[in-house]
Amino acid sequence: MIGKTTAKKWLAVGLAGFAIAAIVVLSVYTTDMNRIAERLASGSDLIATRHGQIEFADWGDGPPILVVHGAGGGYDQGRLLPMRFGRDGYRWISVSRFGYLRSALPEDGSTMAQAEAFADLMDVLDIDRVAVLAMSGGVPPALQFARLFPERTSALVLLSAAPYTPMTVEDQDLAIPAWVYQALFSSDFIFWAVVRLLPSQLDTFFDVSADARAGMDKQDQAFVSGLVDTFLPVTARVSGLRNEGAAIDPRTGYDLAAITTPTLVVHAQDDGINPFGIGVHTAENIAGAELMALPDGGHLLLGHADDVRDRVSEFLKTHAPPASAESPMSQ
């Protein structure tokens with residue numbers, strides 16, 4: 001039998017080891033989060049709009065394309081989308097929507113107000129017309145922008161559209177219960193620890209199936225990894241995430257029949273977050289809209305990057321506005 005003295009020694013060793021491990025993890029966490037904060041602060045600019053401060057990044061030369069990110073993102077997520085689904089030769093303007101990163105969350109956080117803020121951003125950048133590339137939760141405010149400002153919208157590219165009125169949250173097909181999302185977004189450390197130590201556990205969260213994971217090429221892997229990283233710090237994005245319900249606020253309407261902008265809708269039939277029917281509804285109710293229906297690929301359109309990029313590029317080549325003068329704020 002182990003004596004009491006020996007047991008105490010082993011307990012002390014164990015506690016010391018735990019303390020050292022905790023210090024190391026905390027040090028790595030702090031360093032990592034400081035690096036992320038510095039990257040985010042140096043990669044964007046701020047402007048004042050009628051709905052408060054808006055953050056954006058502006059890069060590239062050519063016809064201007066406004067990029068509108070999905071739920072949980074920010075301008076940094078918006079930077080990933082052109083890398084994934086676009087090509088060089090355009091001026092990309094990625095905006096942080098209300099409540100994300102350094103963008104304000106005004107009292108009126110509606111998708112109509114978001115569209116008005118986009119228009120204010122275009123005014124500051126001295127851009128008359130833009131094409132819009134939006135994904136998931138970015139689709140509803142993009143639809144409002146095209147409806148409210150048809151003369152300023154040359155084209156819409158809508159990827160994996162999120163539900164909007166008259167649809168409800170029940171029209172989503174969240175891969176995991178809502179309380180799990182809430183838990184993950186309750187703490188920077190919790191989300192960071194999962195990302196750094198157990199990244200595969202987030203596959204369900206991002207609608208990455210086992211088959212998709214097994215078949216991912218390097219560009220798929222880079223996109224998923226980059227997308228996961230754009231959720232940090234989660235505490236700088238949680239206000240925006242809570243405002244996503246603005247898209248399905250019954251007081252907000254979406255008159256799709258009034259949208260005359262050339263529109264391309266891309267949606268996977270097995271999307272596990274925003275069901276395929278949302279994309280079909282959008283394409284069927286906007287006059288002349290094109291629907292690119294993918295047989296698989298999930299919410300992130302995995303395995304189809306080249307095909308989607310080719311279709312998006314051809315669409316933008318036809319419908320993007322002329323190039324505008326470069327903004328002095330360009331990154």
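Which helix supplies the largest share of the lining of the second largest pocket? Before that is answered, a word on the model is useful. The model is predicted, so local features are reported at pLDDT of at least 70 and side-chain atom pairs at pLDDT 80 or more, while totals for chains, interfaces and linings use all residues. Residues are numbered from 1 along each chain as its sequence is written, and side-chain values use heavy atoms, with hydrogens and water left out.

The answer is H8, which gives five residues to the lining of the second largest pocket. Helices (H or I, at least four residues) and strands (E, at least two) are taken as DSSP runs and numbered from the N terminus. A pocket is an open set of points on a 1 Å grid over the protein atoms alone, with protein on both sides within 12 Å along at least five of seven lines; a cavity is a set where a 1.4 Å probe fits but cannot get out, and lining residues have an atom within 4 Å of a point. Grid points are joined across faces, edges and corners, and a volume is the space filled by probe spheres set on the points. By this reckoning the second largest pocket has a volume of about 180 Å³. It is lined by 14 residues, and those closest to its centre are Pro 199, Arg 213, Val 224, Ser 225 and Val 228. At least two lining residues come from each of helix H6 (188–197) and helix H8 (218–229). By residue class, the lining of this pocket comprises eight nonpolar, two polar and four charged residues, where Ala, Val, Leu, Ile, Met, Phe, Trp, Tyr, Cys and Pro count as nonpolar, Asp, Glu, Lys and Arg as charged, and the others, Gly among them, as polar.

The structure also holds one cavity of 30 Å³ or more. The volume of the largest cavity is about 40 Å³, and its lining is made up of Arg 97, Thr 111, Gln 114, Gly 137, Pro 140, Pro 141, Asn 243, Glu 244, Ala 246 and Ala 247. Two or more of these residues come from each of helix H3 (111–124) and helix H4 (139–148). Four nonpolar, four polar and two charged residues form this lining.

Turning to the overall fold, the chain contains eleven helices and eight strands. Of its 331 residues, 54% count as buried, meaning under 20% relative accessible area, with exposed being over 50% and partly exposed in between (1.4 Å probe, protein chains only). Contacts (heavy atoms within 4.5 Å) often span the sequence: among those between residues at least 6 apart, 78% join residues at least 24 apart.

An open sheet of eight strands runs in the order E1-E2-E4-E3-E5-E6-E7-E8, with mixed pairing; two strands pair if DSSP finds at least two bridges between them. At its edges are strand E1 (45–49) and strand E8 (290–294), each pairing on one side only. Strand E2 (residues 52–59) and strand E4 (residues 91–96) are antiparallel partners over five bridges, and Glu 55 stands opposite Ser 96 in E4. E3 and E4, in turn, are parallel over five bridges, with Ser 94 of E4 as the bridge partner of Val 67. Five of the five residues of E3 are buried, so this strand is largely enclosed by the rest of the structure. Pro 64, Leu 66 and Val 68 point one way from E3, while Ile 65 and Val 67 point the other way.

H4, already met at the cavity, is mostly covered, with eight of its ten residues buried. Those buried residues, including Leu 143 and Phe 145, pack against strand E3 (64–68), H3, E5, E6 and helix H10 (276–285).

Several backbone details in the loops deserve a look. The peptide bond from Thr 165 to Pro 166 is cis, with omega near 15°, and Pro 166 sits in the loop between strand E6 (153–159) and helix H5 (178–184). Leu 232 and Pro 233 are also joined by a cis peptide bond, with omega about -5°; Pro 233 belongs to the loop between H8 and helix H9 (238–242). Positive phi values occur at two non-glycine residues, Leu 101 (near 55°) and Asp 126 (about 60°). Leu 101, in the loop between E4 and H3, is buried at a relative accessible area of 17%. Asp 126, in the loop between H3 and strand E5 (130–135), is exposed at 61% relative accessibility.
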